[in-house]
Amino acid sequence: MLTFIVRRLFAVVGLLLVVALVTMVIFYEMPQWGGQTPATMAVQYVGKQPSPAAIQGVIHRFGFDRSFPVQYIDYIRTIVTGTTFSDGTQDIACHAPCLGYSFRNYQQVWPTILSDLPVTLSIAVGAGVLWLFFGVASGLASAVRKGSLLDRASMVTALLGISLPVYFLAPLLSLPLAYRWSILPAPGSYVGILSDPGQWFLDMILPWTCLAFGLAALYTRLTRAGMLDVLSEDFVRTARAKGLSERRVIFKHALRAALTPIITIFGMDFATVLGGAVLVEITFSMKGIGFLAITSIQNGDFPMMMGVTLFAAAFIVLANLLVDVLYAVADPRVRL
Amino acid sequence: MTADRRGPTSANGSGERPFLDVSDLRVQFPTDDGVVKSVDGISFALERGKTLGIVGESGSGKSVTSLSLLGLHRRADRKGRGGARISGEIWLDGQDLVTASPEEVRRLRGEKMAMIFQDPLSAMHPFYTVGAQIIEAYRVHNKVSKSVARKRAIELLELVGIPQPNTRVDDFPHQFSGGMRQRAMIAMALVCNPRLLIADEPTTALDVTVQAQILDLMRDLQREFDSALILITHDLGVVAELADDIMVMYGGKAVEYGTAETVFRQPEHPYTWGLLGSMPRIDREVQERLSPIRGNPPSLINVPSGCAFHPRCPYTAETGGRSDTEIPLLAATSPGHLVRCHLGPARRQEIFAEQIRETL
């Protein structure tokens, strides 16, 4: 198990190096294949009627005056060792893990990501609990009472959930709940959990619901299909033959087996949401990782784009590792 | 039929109801294609300490019979949909299981009656240890602490011949070999001392040397526990080892029912002849080849008219056209020997003596 984890951690590092390389090619190199030059790219970052010296300064700060491999190695090195940037007037110490410095909003990338993370984390954890609980519960109920009114109702709801995008569901829910009856705070309101937990919870209800609805729908279908498979397994019949109560047969024997693959998928989906719940964050104007990614793309903020991409990728590969380990814990037949 | 109430081996004429008494059991499954008549009116009886072998091809209704004894079918609702329609009577130790509530039957399951399933790898839960599964089976019906139940589980594993039961009790099913798994399965079935034990193809998934060990084990354990044993199989060799009575099933009906001795020595149904003829044996000269029964098992939705076996039967010409119009009755040909065939008893015995016996 330990060797497996260590080996996989090496693989994670390798994978992230590749991700960094590909992102760098996309953001730094490809514009130049399309006719951009370091000068035209740098022009975007200086004021109107820039002096050639200012342009040259920006080119240097981005590293466009060096060859691509050197840029890449420099980028990786600064992540590991940190570096010192100059914004033209003063030196800025960027400690490891240094993901660069955003010349758009005069902030270091890593601290910016960290400061936006609580928002995304708030969304992800709450929505994750909701969609896992409701998805599994309704999928379970559907499977146990297959063909019943409950099953059909939950399948129709699931279809709705899969078909309704967040940006449609959000106004649909907030119009009556937030604007007309003022039961919930209007979109755009967000306070940190530490400053006012009660308000935080109220603020989060709509974003959670909107994000969780679609995913819960998906998990309903997954759980239902998984449970129907497992319920026809021989070991479920054995459990009944032992005289166990139906409740015990369903929860201890069938659900236990059906849940394992669902937890695996949940790990991946959760990591994806942690890397930025883009639609929810934009729709509710919540400044999380997804919001950060979109604004940095709109602003052409290369270091920020790189940083967010790497960060999101790291979440996903680590979640993947965690899921594999959990799987081995859950299923004694799997040996790592 | 009252004379046969106690089963062929134990007919003793006393008025008491046998330990297990099944009469006119019917199990039907409504499907989109029609009603599947999996079990179509079978009756048998069994006393404790005795073994009944139910023999037939896949789809003859033998497994459905056993599952309905344990009440493991999802019952149909009042409109007769969504599950099995079960009618007839199943008396176990003086209680009718067909009319009993699901909860009453559940209490008996595992306690008074238990089942050994065919493929122990898929029949045991892959995520729980063998011990945990046996302990669970014991604790459903016995209010004891985990450590007491664990001792019981180890005791049972030892009884069924698992080496080092103290440590193997914590192994997972996939860490056992096929034969060991079947032993563990038997231990799980026996943990509450069930008085009725049903073994559904207990040796099919095992290799031949292990098969013999498992059959020996089952025979010994049956004696020790004095339980009634129903052995369901398509393999006549297996029932020859263990059974006191044999019921041959075809198309959801019993076609021949008698003591093992009678069914092996004086079989009278052409289907039984076919089964015996397709059984490989080493104690006779090698013939050119085994003689399988021609044709395929019948569809249980569209059961052939008349005698269900008639499309495969070589003797239909001798029934005077009744074979595909009239369902033959299960009639006594001698005390305790029932055969469902249009041919007369004398003619059947004649055919067997002249044509069949020498080929077996």
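In the predicted model, the centres of domain 1 of chain B and domain 2 of chain B, taken over C-alpha atoms, are separated by 42 Å. Domain 1 spans residues 114–193 of chain B and domain 2 spans residues 267–359, according to the domain assignment.

Chain B also contains an open sheet, in which 4 strands are arranged in the order β2-β1-β4-β5 with antiparallel pairing. The edges of this sheet are occupied by β2 (34–46) and β5 (95–96) of chain B, and because each of these has a single partner strand, one side of each is left without a neighbour in the sheet. For β2(B), pairing with strand β1 of chain B, which comprises residues 20–31, is antiparallel and extends over 10 bridges; within this strand pair, B:L46 of β2(B) is the bridge partner of B:L20. Helix α1 of chain B, formed by residues 62–69, packs on the sheet and touches β1, β2 and β4 (85–92) of chain B, with its direction making about 70° with that of β2(B).

Between the two chains, 17 residues of chain A are in contact with 23 residues of chain B. On the side of chain A that touches chain B, two or more residues are given by each of the elements α9 (234–241) and α10 (246–274) of chain A, and the most is given by α9(A), with 6 residues. When grouped by class, the residues on the side of chain A that touches chain B comprise 8 charged, 5 nonpolar and 4 polar residues.

Methods: Residues are numbered from 1 along each chain as its sequence is written. Chains are lettered from A and ligands numbered from 1 in the order in which they are written. This is a predicted model: local features need pLDDT of at least 70, side-chain atom pairs count only at pLDDT 80 or more; totals for chains, interfaces and linings use all residues. Domain bounds come from an automatic or database domain assignment. Two residues are in contact if their C-beta atoms, placed from the backbone, lie within 7 Å. Ala, Val, Leu, Ile, Met, Phe, Trp, Tyr, Cys and Pro count as nonpolar, Asp, Glu, Lys and Arg as charged, and the others, Gly among them, as polar. Two strands pair if DSSP finds at least two bridges between them. Axes are lines fitted to C-alpha atoms, for helices over the stretch in contact, and angles run from 0 to 180 degrees between N-to-C directions.
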